[in-house]
Amino acid sequence: MTESRSRRRLPAWLKAKAPGSPGYLRLKRLIKGLDLNTVCESAHCPNIGECWSAGTATFMILGDVCTRSCGFCAIRTGRPTHLDHEEPERVAEAIARLHLRHAVITSVNRDELSDGGASIFARTIRAVHQRCPETSVEVLIPDFQGNWEALAEVLDAGPEILNHNLETVPRLYRRMRPQARYERSLELLDRARSLGPAPTKSGMMLGAGETRAEVDRSIRDLAAVGCSILTLGQYLSPSEQHVPVDRFVRPEEFDELGVFARAIGFGHVESGPLVRSSYHAERQVGDLAAAGGRSPVEIAGGGT
């Protein structure tokens with residue numbers, strides 16, 4: 001029996017640390033006790049063992065049901081029925097208990113909301129800054145269906161980094177992100193640069209069928225809209241029902257792409273098979289601060 005393309009055996013360079021350490025279990029209890037969600041669990045991140053053992057997690061606000069059906073994502077698709085207005089304070093509580101110097105907050109898509117959930121993003125940023133004034137905040141936001149007032153509301157709250165992922169090259173959007181538009185994501189990043197001082201960040205998954213020329217073009221597109229931070233990682237199909245893996249990109253190719261991206265102006269690049277959007281995020285904001293001789297909070301003029 002032949003092995004399916006989406007569940008093929010992983011090469012050695014994609015082996016990740018298994019979850020289950022004491023640190024992992026402590027963080028799991030904290031997340032459950034505060035009734036929070038993480039993208040680490042919902043999206044089946046391969047780095048959950050490493051990151052949770054080190055006491056870091058990426059918080060996912062606005063529930064655990066997404067209104068979109070992306071071909072790469074394991075998060076449940078449906079119509080959410082609840083909006084948790086107490087969630088921002090619980091996220092801030094978790095970050096305080098974990099003593100995080102840099103916190104990453106993302107969300108599901110909530111296309112049924114008029115602002116796409118931007119008000120909850122803004123309240124969460126402010127709650128973290130108030131409770132943990134030394135903590136820098138990175139938000140990984142959806143495209144808000146092109147609602148630029150919603151984008152401005154998030155930026156007005158003063159995140160230190162504004163992240164929005166391209167995910168893949170334009171040709172694969174119909175398969176990977178059928179309810180999104182490549183041009184709209186680029187416009188969001190371009191507008192974010194003009195609306196506020198927060199550095200922008202984006203990422204892509206490789207190995208879903210894109211060509212090297214297409215990847216190079218998308219990296220150039222991100223540089224053209226002033227993106228400061230880039231993440232590149234291997235696409236891993238969550239199930240037989242998702243887009244299958246086309247190939248496993250070798251570490252040497254990730255290294256080459258990292259060199260290319262830095263050469264055209266990115267301030268920080270994380271490029272490797274196991275890299276995900278929030279992988280080593282605290283290192284990214286630290287590098288940008290060092291480059292400008294300022295603290296992470298001073299980079300974006302945020303904080304309290």
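User: By class, how many nonpolar, polar and charged residues are in the lining of the largest cavity?

Analyst: This is a predicted model. Its largest cavity has a volume of about 40 Å³. The lining includes Leu206, Thr211, Arg212 and Glu253. Sorted by class, the lining has four nonpolar residues, one polar and four charged.

User: Which helices each supply at least two residues of that lining?

Analyst: Among the lining residues of the largest cavity are Arg212, Val215, Glu253 and Leu257. Arg212 and Val215 fall in the range 212–224, and Glu253 and Leu257 in 251–263. The helices that supply at least two residues each are α9 and α10.

User: How many cavities of 30 Å³ or more does the structure hold?

Analyst: The largest cavity comes to about 40 Å³. That volume passes the 30 Å³ mark. The count of cavities at or above that mark is one.

User: How does the lining of the second largest pocket divide into nonpolar, polar and charged residues?

Analyst: The second largest pocket has about 190 Å³ of space. Its lining has 15 residues, and those closest to the centre are Asn37, Leu62, Gly63, Asp64 and His82. Across the lining, the classes are four nonpolar, four polar and seven charged.

User: Is Leu62 buried or exposed?

Analyst: Leu62 sits in the loop between β2 (58–61) and β3 (65–66). Its phi is positive, about 70°, although Leu62 is not a glycine. The relative accessible area of Leu62 is 3%. The cut-off for burial is under 20%, so Leu62 is buried.

User: What is the phi of Glu167 near?

Analyst: Glu167 lies in the loop between β7 (161–163) and α7 (173–176). With 14% relative accessibility, Glu167 counts as buried. Its phi is positive, in a residue other than glycine, and the value is near 75°.

User: Why does Ser185 count as buried?

Analyst: Ser185 is found in helix α8, residues 182–195. Burial means under 20% relative accessible area. Ser185 counts as buried because its relative accessibility is 0%.

User: A polar contact joins the side chains of Ser185 and which residue?

Analyst: Leaving aside neighbours within four places in sequence, Ser185 is in contact with His164, Asn165, Leu166, Tyr173 and Arg177. One of these contacts also appears as a polar contact between side chains, at 3.3 Å. The partner of Ser185 there is Arg177.

User: What distance separates the C-alpha atoms of Ile125 and Val139?

Analyst: Ile125 is found in helix α5, residues 118–131. Its relative accessibility is 0%, so Ile125 counts as buried. Not counting residues up to four places away in sequence, Ile125 touches Val137, Val139, Val154, Ala157, Gly158 and Pro159. Ile125 and Val139 are 14 residues apart along the chain, and their C-alpha atoms are separated by 8.3 Å.

User: Buried residues make up what percentage of the chain?

Analyst: The chain has twelve helices and ten strands. Ser185 and Ile125 both have 0% relative accessibility and count as buried. Of the 304 residues in the chain, the buried share is 56%.

User: Among contacts between residues at least 6 apart in sequence, what percentage join residues at least 24 apart?

Analyst: The pair Ile125 and Val139 is 14 residues apart. That separation meets the lower limit of 6 but not the limit of 24. Among the chain's contacts at least 6 apart, the share at least 24 apart is 75%.

User: What share of the accessible surface belongs to carbon and sulfur atoms?

Analyst: The accessible surface of the chain comes to about 13500 Å². Of that area, the share belonging to carbon and sulfur atoms is 50%.

Terms used: Residues are numbered from 1 along each chain as its sequence is written. This is a predicted model: local features need pLDDT of at least 70, side-chain atom pairs count only at pLDDT 80 or more; totals for chains, interfaces and linings use all residues. Side-chain values use heavy atoms; hydrogens and water are left out. Helices (H or I, at least four residues) and strands (E, at least two) are DSSP runs, numbered from the N terminus. Buried means under 20% relative accessible area, exposed over 50%, partly exposed in between (1.4 Å probe, protein chains only). A polar contact is a pair of N or O atoms within 3.5 Å; within protein, one must be able to donate a hydrogen and the other to accept it, and residues adjacent in sequence count only if both atoms are side-chain atoms. Contact means heavy atoms within 4.5 Å. On a 1 Å grid over the protein atoms alone, a cavity is a set of points where a 1.4 Å probe fits but cannot get out, and a pocket is an open set with protein on both sides within 12 Å along at least five of seven lines; lining residues have an atom within 4 Å of a point. Grid points are joined across faces, edges and corners, and a volume is the space filled by probe spheres set on the points. Ala, Val, Leu, Ile, Met, Phe, Trp, Tyr, Cys and Pro count as nonpolar, Asp, Glu, Lys and Arg as charged, and the others, Gly among them, as polar. Accessible areas come from the Shrake-Rupley method with a 1.4 Å probe; for residues, only the protein chains shown count as cover.
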